[in-house]
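These are my notebook entries on a structure that I opened for the first time. I set down each item in the order in which I looked it up.

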Amino acid sequence: MNTVFRGRHFINLEDFTREEIDTMLEVSMDLKRKFAMGEDTPYLTNKTGFLMFFEQSTRTRNSMEAGMAQLGGHAGFLDSSTMQVAHGETAKDTAIILSRFGHMIACRYCNWGRGNAYLNEMARWSSAPIMNLQCDLYHPFQGLADLMTIKEKLPDLRRKKISIIWAYAESHKKPISVPVTQVLLFPRYGMDVWLAYPKGWELPEWVIEQARANAEKHGGTLTITHDEAAAYKDADIVIPKSWGNWVTDQTGATETGASKVIDDALIANKSWKCTEAKMATASKDVMYMHALPADRNNEVEDSVIDGPHSIAYDAAENRLHTAKAVMTLLVGGK
């Protein structure tokens, strides 16, 4: 078990070894057990964290706020529109000052081409850990919670078929950060990862190259297909979720974030929806996951997400426990 975490940034899970990720998962499980038993976990007493959001949030904000409180500290919510950032204050100045005020800065900034660069600029200047609450490229907290949930349900992950499947949605043009994080992380645990999407919704080529390298090193595989049915067939876990075609199409990019975009190319793929009929072609014990919020009746039928195969809410709960583990290790650890 690797125990040296204090003061490190948490921007991309690729920055951590598998042994370090295993440590995060072990701490998450320990905190989950203690939460279930009502046992106090005052690991961050009198510590202060700042939660800075450029976009909306439900699970991420509340898992971090509740998690910090349960660890004995305090989290301050910062809406970027009410900060001096809105008047042009730089990432450097924001990071220097907030890190002098407290013990960590967590930030969500998903704008394509801006978010990850902003987080790394803060990391250059912050004297406290910078944590990525989701950017345009990565969502490490979600990836860690997904992995924790899968390991709870399938203790032996080797050669399990995990299908990351693009799904139709009308709500808005979503970041690619969830599938990017998953396709990089899951092969590191020996899974047979399938990535399925219509042509035009590709992930960056450097992501695919790194995912293949991770698979080769750790005994997993990566299969890319435009055949939705092939991805569902005999799958142990399916993760049908929309993401924007940011790599090939910048339409919808705005100064304030991704806008709602429904065009002919999107509508042409409306059939990419998770249904009971498609789930029936997977393993008899197949499990359905989604990072939430799901675009109900576009991405997925209600009967699937609310049905016996769904573990979406288990994964959502694990956002709390993994958030607490990361904060404990990076802020209060050795």
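Entry 1, strand 8. I began with strand 8 and strand 11, which run parallel and are joined by two bridges. The model is a predicted one, and I read every entry with that in mind. I looked up the partner of Val238 in strand 11 and found Tyr288. I then turned to strand 5 (residues 161–166), which runs parallel to strand 8 (residues 237–241) and is joined to it by five bridges. Here Ser163 has Val238 as its bridge partner in strand 8. Val238 thus has a bridge partner in strand 5 and another in strand 11.

Entry 2, burial of strand 8. Is strand 8 covered on its faces or left open? I noted that Ile237, Ile239 and Lys241 on one side are buried, as are Val238 and Pro240 on the other, and that both faces are covered. Five of the five residues of strand 8 are buried, so the strand is largely enclosed by the rest of the structure.

Entry 3, the five-stranded sheet. I next traced the sheet to which strand 8 belongs, and I recorded an open sheet with the order 7-6-5-8-11 and parallel pairing. Why is one side of strand 7 and of strand 11 left without a neighbour in the sheet? Strand 7 (221–225) and strand 11 (287–288) stand at the edges and have a single partner strand each, so each lacks a neighbour on one side. I also looked for a helix on this sheet and found helix 7 (residues 205–218), which packs on it and touches strand 6 (192–196) and strand 7. The direction of helix 7 makes about 145° with that of strand 7.

Entry 4, the four-stranded sheet. I recorded a further open sheet, of four strands, with the order 2-1-3-4 and parallel pairing. Strand 2 (74–79) and strand 4 (130–135) are at its edges; each has a single partner strand, so one side of each has no neighbour in the sheet. Ignoring direction, I noted an average turn of 15° between neighbouring strands of this sheet. Strand 1 (residues 48–53) pairs with strand 2 in the parallel sense, over six bridges. Within that pairing, Phe53 has Asp79 of strand 2 as its bridge partner. Helix 4 (residues 115–125) packs on this sheet, where it touches strand 1, strand 3 (104–109) and strand 4. Its direction makes about 175° with that of strand 4.

Entry 5, aromatic rings. How many aromatic pairs does the structure hold? I recorded twelve. The ring centres of Phe5 and Phe16 are 6.4 Å apart and their planes stand at 20°, so I entered this pair as stacked. Phe5 and Phe16 both belong to the segment before helix 1 (18–37) and are eleven residues apart. Both Phe5 and Phe16 are buried. For Tyr109 and Tyr118 I noted an edge-to-face pair, with 5.3 Å centre to centre and 80° between the planes. Tyr109 is buried, and Tyr118 is buried as well. I also entered one aromatic cluster, formed by Phe5, Phe10, Phe16 and Phe141.

Entry 6, lysines over rings. Which ring lies under the charged end of Lys161? I found the ring of Trp194, with a distance of 4.0 Å to its centre. Lys173 lies over the face of Trp246, 4.4 Å from the ring centre.

Entry 7, cysteines. I searched for disulfides and the count came to zero. For Cys110, the nearest cysteine sulfur is that of Cys135, 7.1 Å away. The relative accessible area of Cys110 is 13%, which is under 20%, so I entered this residue as buried. Cys274 also counts as buried, with 0% relative accessibility.

Entry 8, two helices. I looked up helix 6 (residues 177–185) and found nine of its nine residues buried, so this helix is largely enclosed by the rest of the structure. Among its buried residues are Pro179, Gln182 and Leu185. I closed with Thr328, which has its place in helix 12 (residues 312–331). Thr328 counts as buried, at 12% relative accessibility. Leaving aside residues up to four places away in sequence, Thr328 touches Leu31, Tyr43, Leu44, Leu71 and Gly333.

Conventions
Residues numbered from 1 in each chain as written. Predicted model: local features only at pLDDT ≥ 70, side-chain atom pairs only at ≥ 80, totals over all residues. Heavy atoms only, no water. Pairing = 2+ DSSP bridges. Contact = heavy atoms within 4.5 Å. Axes fitted to C-alpha atoms, helices over the stretch in contact; angles between N-to-C directions. Disulfide = S-S within 2.5 Å. Buried < 20%, exposed > 50% of the residue type's maximum accessible area, 1.4 Å probe, protein only. Phe/Tyr/Trp six-rings, centres within 6.5 Å; stacked < 30°, edge-to-face > 60°. Lys NZ or Arg CZ within 6 Å of the ring centre and 35° of its normal.
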